[in-house]
Every structure is written in structure tokens, then in C-alpha cells.
Amino acid sequence: MTPSDASGGAPSGAAAGRWSSLDRPPLNAAALERALVGDGGLWSSVEVVAATGSTNTDLAARAGQLPEGAVLVAEEQTAGRGRLDRSWVAPPRSGLFFSVLLKPGDSVPQERWGWLTLLAGVAAASGVSRAAGVDTALKWPNDLLITVEGEERKTGGILAERVSDGVVLGIGLNVTLTEDELPVPEAGSLILAKAAVTDREPLLKAVLRSLEHWYGQWRAAGGDPAASGLQEAYAADCVTLGRHVRADLPGGRTLTGTAEAVDADGRLVVRTAEDRHETVGAGDVVHLRSVR
């Protein structure tokens, strides 16, 4: 997935590129590692690279050689991906683009690993809300929404990929993108939502600490979404519930109705006009209108 230490004077020479946008300073990898990596914690390493194609692709390729809790952050992604193979690109240092490696092992049945995408959504929404001082909501299954001038806009997304012995979770968050830099009109950014904080380091730390908290609870409960509190927390944050929606499903089928719940498998439960309940496990969901 995809997307700042300023000094008083203008740099020169080879360092100039690193400081080319003083309102978008680079992340301090050493400071992040000091803050996040410690005995008994989830995070085992924090690596920051200037640019890469996709942090998910890079971390997945190295997953067999890395311990759980490896974090890879890119200042710029040139081939970032979202759901349904959509591209996710943004100007350098305008957002947070990172992936983490999780290895639940035998403590969680693999059929429950699908909840990791929704878990990451809950963690990202709560971390961003707390650190940035802006309300953040979820659109099923993995979009982060904020409000810009009264309109819901997507500011982030999550992509989960299975690897041999675990899952790579990629999170992308638009932080300081301006209107002119947005890839599509319905996108948003924290700065456009008038967030109190747009410094990427505290935002990243808040999301990773929230992710560590929720992952610990979920894993301790054997991946049970109800016992861990995850299912309830996701439903509370998910603005898809109660909405009239259209689900564009694999194979070209379309389903419309009212989104009523997220079931124990993380699927969206939709009540159709014929009063049938159907579950959506994969597909693109569009909010048509609110029925609340």
C-alpha cells in the first residue's frame, strides 16, 4: 500500500532532495524504532525507505526471513495497490504508506485470519482519530473515511495479503494532499479535514500502537471477533451499516439493499427489497443513501 524533521536553514548539496518540501519533512526512522520497538512488544523493526514500488510486495517477498512485527514504511510508493488491484499513488511524503508482518501461528485458526483486514481498519480509525483530532469512520470492508466540508471522503485504505506463515497488512493514509493532488474527487486527506495534527510521526506511532493493542486482544481470544470485542468495535465505526448500498460482486452480479450487520466471518449482511438476507464476502460496496 501507500501514501515530515525541518531545520532552520536551507540545506545544500546531496541533502537538498531530502528536504525539498519543508512542510513535508522525512520520517525519522531511528526515532520511530526507539519509540515502537521494545522487549515484549509486537513491533520487531521499523524500516523507512525513500521510495519503492509497493511496501506490501517488498515485505511479502522477505516474510520468510523476518520475524513477526516487521514494519516497512515508504516515503513514496510508485506502484502501490488497493483493493481490486486499484492503484494507490501520492506525492512523496504526503501520506503514510506502510506494511506490517503478522504471524498469528497456531494461536488463531486460519479461517479467522480474514478478520485482520477489519482489525486493521478499527486500529487505523481509532489511532488517526486520537492523534489527529478528526473523526474517522469505516466503509466496509477496509476504507477509512473522513468528512471534508460536510462530505464523506476516502482518506485511507487497507490491503491484506497472505504469505507462507502469516499476513502482510498494508495501510495507506492521505495526510497532506491538497485538492489539486487528490487522485479522484471523492478522495480526501487529513489536512483537508482540518486535522489538528498532520505530523506523520505521531500519526504513524498512534496507528501502530492501536494495531498492537487490537491484535493482542484478538490473538488472546483465539481470533474470536466477539470475545475480543473486535466485532462490536468494527460495527460501531462502520458507517456502511444502516445505509442503502449496492454491492458489485465477482462474476458481474449486483446486489442492492440495506446493510444491516457484519457477521462472525466479517461478511456484510444485506437485506434486499424482497426481505432476504444475503452476505457479501468480497466485492465493491457503494453507499447509495442513508436510511437512518
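At what angle do α3 and helix α4 pack, and how far apart are their axes? I would like to start there, and I should say at once that what we are looking at is a predicted model. In this model, α3 and helix α4, the latter covering residues 200-220, pack at an angle of about 140°, and their axes lie 8 Å apart. Angles over 145 degrees would count as roughly antiparallel and those from 65 to 115 as roughly perpendicular, and α3 and α4 are therefore oblique to each other. The crossing of these two helices, α3 and α4, is right-handed, and the residues of their contact divide into 18 nonpolar, 3 polar and 1 charged.

One residue of α4 helps to show this neighbourhood in detail, and that is Ala206, which is found in helix α4. Is Ala206 buried or exposed? Its relative accessible area is 12%, and because buried means under 20%, Ala206 counts as buried. If we leave out residues up to four places away in sequence, Ala206 touches Gly127, Arg130 and Ala131. Ala206 and Ser126 are 80 residues apart in sequence, yet from C-alpha to C-alpha they are 8.5 Å apart in space.

Let me stay with α3 and turn to another of its partners. Helix α3, residues 115-132, also packs with helix α5, residues 230-237, at an angle of about 60° and with the axes 10 Å apart. An angle of about 60° falls outside the ranges for roughly parallel and roughly perpendicular, which are under 35 degrees and 65 to 115 degrees, so α3 and α5 are oblique to each other as well. The crossing of α3 and α5 is left-handed, whereas that of α3 and α4 is right-handed. Which residues make this contact? From α3 come Trp115, Leu118, Leu119, Val122 and Ala125, and they meet Leu230, Gln231, Ala233, Tyr234 and Asp237 in α5. Sorted by class, the contact of α3 with α5 has 8 nonpolar residues, 1 polar and 1 charged.

The third pair brings in the helix α1, residues 29-36, which packs with α4 at an angle of about 30°, their axes being 11 Å apart. Angles under 35 degrees count as roughly parallel, and α1 and α4 are therefore roughly parallel to each other. Helix α1 passes α4 in a right-handed crossing. On the α1 side the contact is made by Ala31, Leu32, Ala35 and Leu36, and on the α4 side by Glu201, Leu204, Lys205, Leu208 and Arg209. By class, this contact of α1 with α4 has 6 nonpolar residues, no polar ones and 3 charged ones.

From the helix pairs I move to the interior. How many residues does the largest nonpolar core have? It has 71, and of these Trp43, Phe98, Val100, Leu190, Trp218 and Leu268 touch the most other members. Helix α3, which we have already met twice, gives the most to this core, with 12 residues. There is also a second, separate core of 8 residues, which includes Leu59, Leu66, Ala70 and Leu101.

Gly69 sits in the loop between α2, residues 55-62, and β2, residues 70-74. Gly69 is buried, with a relative accessible area of 0%. Leaving aside its neighbours within four places in sequence, Gly69 is in contact with Leu42, Trp43, Ser44, Ser45 and Leu101. Gly69 and Gly41 are 28 residues apart in sequence and, measuring C-alpha to C-alpha in the model, 8.7 Å apart in space.

Finally, some points on the backbone. Most residues other than glycine have a negative phi, and most peptide bonds are trans. Against that background, the peptide bond from Trp140 to Pro141 is cis, with omega near 0°, and Pro141 has its place in the loop between β4, residues 137-139, and β5, residues 143-148. Glu149 has a phi near 50°, a positive value in a residue other than glycine, and it lies in the loop between β5 and β6. Lys194 likewise has a positive phi, of about 60°, although it is not a glycine, and its loop runs between β7, residues 166-174, and α4. Are these two residues buried or exposed? Glu149, at 74% relative accessibility, counts as exposed, and Lys194, with a relative accessible area of 69%, is exposed too.

Terms used:
Residues numbered from 1 in each chain as written. Predicted model: local features only at pLDDT ≥ 70, side-chain atom pairs only at ≥ 80, totals over all residues. Heavy atoms only, no water. Axes fitted to C-alpha atoms, helices over the stretch in contact; angles between N-to-C directions. Helix = DSSP H or I, 4+ residues; strand = E, 2+ residues; numbered from the N terminus. Left-handed = near helix turned anticlockwise from the far one by under 90°. Contact = heavy atoms within 4.5 Å. Nonpolar A, V, L, I, M, F, W, Y, C, P; charged D, E, K, R; others polar. Core = buried A, V, L, I, M, F, W, Y, C linked by side-chain atoms within 4.5 Å. Buried < 20%, exposed > 50% of the residue type's maximum accessible area, 1.4 Å probe, protein only.
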